[in-house]
Amino acid sequence: MNLTIIKTMIDEIDKPAIFIDLNYVILAVNTLYMETYDTPVELGKSTCFGISHRHHAPCDMHGEECPMQVCKQTKLPHTVIHNHHTSQGKTYCKINMKTIQDDDGMTIGFLEILDRIDYASAEPTKQKMLGRSPAFLSLLQEINTVAESEISVLLQGETGTGKELTARAIHDSSARNVGPYIIIECTGMNENLFESELFGHVKGAFTGAQTDKKGLIELAHGGTVFFDEIADVSLGMQVKLLRLLESKTFRRVGGIKEIYSDFRIICASHKNLLELVARGEFRKDLYYRLCGYPILLPSLQERREDISLLAESLLDETELNHKQFSPKALSKLSTLPYWGNIRELKNIIYRAALKAPGKLIESHHIVQSHLGHPLEKQNENEKIHTLEEQEGLYLSKLYTQDTSISTLAKQLGVSERTLYRKLQKHGLKQ
């Protein structure tokens, strides 16, 4: 493949792209690439790291993974996420690198195509995921990997780690980003209200249902549904959710018409769902439907390099944004345990800004609200269930859609009719 053909190929790519030789020198470039960076490209002279990072040496000499080195070793395409100096400041970019060979199979260079990551930033910015730490970059890589598919995603992590922002980033980076993004809060609603919110209702279905109403699942057609705190869904609703995920169809409350909705599902929970499955508090079959691609979000303690950046950004969002942190204050912020993660950091910063009489926030203004172990980390096994609840939990462990009613009834020493009635009572059977 000669250089003329490569230049023609690059001009037809609808993303920023360059062709570099084995010494990182740019030999071909398209217009989108030149518009992405402030530094002009001199063909045959400029290097990829000089344009994108303003470095005088390759990325791997500055603590970043060099995709070209990986491609050299494996001869396979490789993707990494780097933080580039673009015309819009420091911006995260996904680099897709591919080896280019001649007719004899010899490597003559590498094709580099860029995708800008607009949902994340390494500079203080509102409504974006912020960070620079290895744990944060690893999370961005996971988001970009899963966004290109239709697989169900389960986000797990401590409270305040940014699960909602992560879910939104997956949607925005996917082919469904032009469709609706529907958030469903699973906490605090009784089963009847939750079902009505999810599936809608027909006129006359219950007192107060004066008109037909579309549910959130119907409104999500063509887009993404994000179930926040999915662990709080009752066992009865879990059965209906499983049926929905298997068929993508549902009926409005009080209705008989089957309605189809094409949506992708993302779920989040700060609780360990596998532990809940083991205790019979979450259906195993539903868990495996939801956990197509699990992502564990890092705690703030795993992202200490990001705390100063997050602190400055969070302060900037308050009415006290004329104030600033002293170096000692930022240093102290980086040492705290943060059981509440970013939410707790936000509260600490706000309190410190209020305490500081002048413009400068000092280290003594930074105080945590508690010193003890957080309540959410206490042993959840201490919860005592009623006998009726215990019966429902036990049956949910034993019964799945494929279970034989007659066989299970014999094993439990009850009649089929009795077992069927109990399954209905606990929402395990329609």
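This briefing walks through the overall build of the protein chain and then looks at a few of its residues and elements. The model is a predicted one, and the protein chain in it has 17 helices and 17 strands. Of its 430 residues, 46% count as buried. A UniProt annotation, from an unreviewed entry, marks residues 129-354 as "domain: Sigma-54 factor interaction".

**The chain as a whole**

- Measuring along the principal axes, you will find that the C-alpha trace of the protein chain spans about 85 × 65 × 45 Å.
- The accessible surface of the protein chain comes to about 22000 Å², and carbon and sulfur atoms account for 51% of that area.
- Among contacts between residues at least 6 apart in sequence, 62% join residues at least 24 apart.
- The chain carries 50 positive and 55 negative charges, and the mean positions of these two sets are 6 Å apart.

**The annotated span**

- Residues 129-354, the stretch covered by the UniProt annotation, are 42% helix and 16% strand.
- The C-alpha atoms at the two ends of residues 129-354 lie 25 Å apart.

**The largest nonpolar core**

- This core holds 32 residues, and those touching the most other members are Leu 198, Ile 217, Phe 227, Ile 230 and Phe 282.
- Two or more residues come from each of these elements: strands S8 (181-185), S11 (224-228) and S14 (264-269), together with helices H7 (191-199), H9 (235-247), H10 (273-278) and H11 (284-290).
- Helix H9 gives the most to this core, with five residues.
- Leu 198 makes a handy place to start looking: leaving aside neighbours within four places in sequence, Leu 198 is in contact with Ile 184, Gly 215, Leu 216, Ile 217, Phe 227, Met 237 and Leu 241.

**Glu 218, a buried acidic residue**

- Glu 218 is found in helix H8, which runs over residues 216-219.
- With a relative accessible area of 17%, Glu 218 falls under the 20% cut-off and therefore counts as buried.
- Beyond its neighbours within four places in sequence, Glu 218 is in contact with Phe 250, Arg 252, Ile 259 and Ser 261.

**Helix H12 and its surroundings**

- Helix H12 (residues 307-316) is largely enclosed by the rest of the structure, because seven of its ten residues are buried.
- Those buried residues are Ile 307, Leu 309, Leu 310, Ala 311, Ser 313, Leu 314 and Leu 315.
- The buried residues of H12 pack against three strands, S6 (129-130), S16 (324-325) and S17 (360-361), and against helices H13 (327-333) and H14 (341-355).

**Two residues with positive phi**

- Arg 54 has a phi near 60°, a positive value in a residue other than glycine.
- Arg 54 lies in the loop between helix H3 (48-52) and helix H4 (67-74).
- The relative accessibility of Arg 54 is 43%, so Arg 54 counts as partly exposed.
- Asn 341 is not a glycine either, and its phi is positive at about 55°.
- Asn 341 lies in helix H14, one of the elements that the buried residues of H12 pack against.
- Asn 341 counts as buried because its relative accessibility is 0%.

Note on methods
Residues are numbered from 1 along each chain as its sequence is written. This is a predicted model: local features need pLDDT of at least 70, side-chain atom pairs count only at pLDDT 80 or more; totals for chains, interfaces and linings use all residues. Side-chain values use heavy atoms; hydrogens and water are left out. Helices (H or I, at least four residues) and strands (E, at least two) are DSSP runs, numbered from the N terminus. Buried means under 20% relative accessible area, exposed over 50%, partly exposed in between (1.4 Å probe, protein chains only). Contact means heavy atoms within 4.5 Å. Accessible areas come from the Shrake-Rupley method with a 1.4 Å probe; for residues, only the protein chains shown count as cover. Lys and Arg count as positive and Asp and Glu as negative; His and the chain ends are not counted. The place of a charge is taken as NZ of Lys, CZ of Arg, CG of Asp or CD of Glu. A nonpolar core is a set of buried Ala, Val, Leu, Ile, Met, Phe, Trp, Tyr and Cys residues joined through side-chain atoms within 4.5 Å. UniProt positions are given in the numbering used here, feature names are shortened, and annotations may be inferred rather than shown by experiment.
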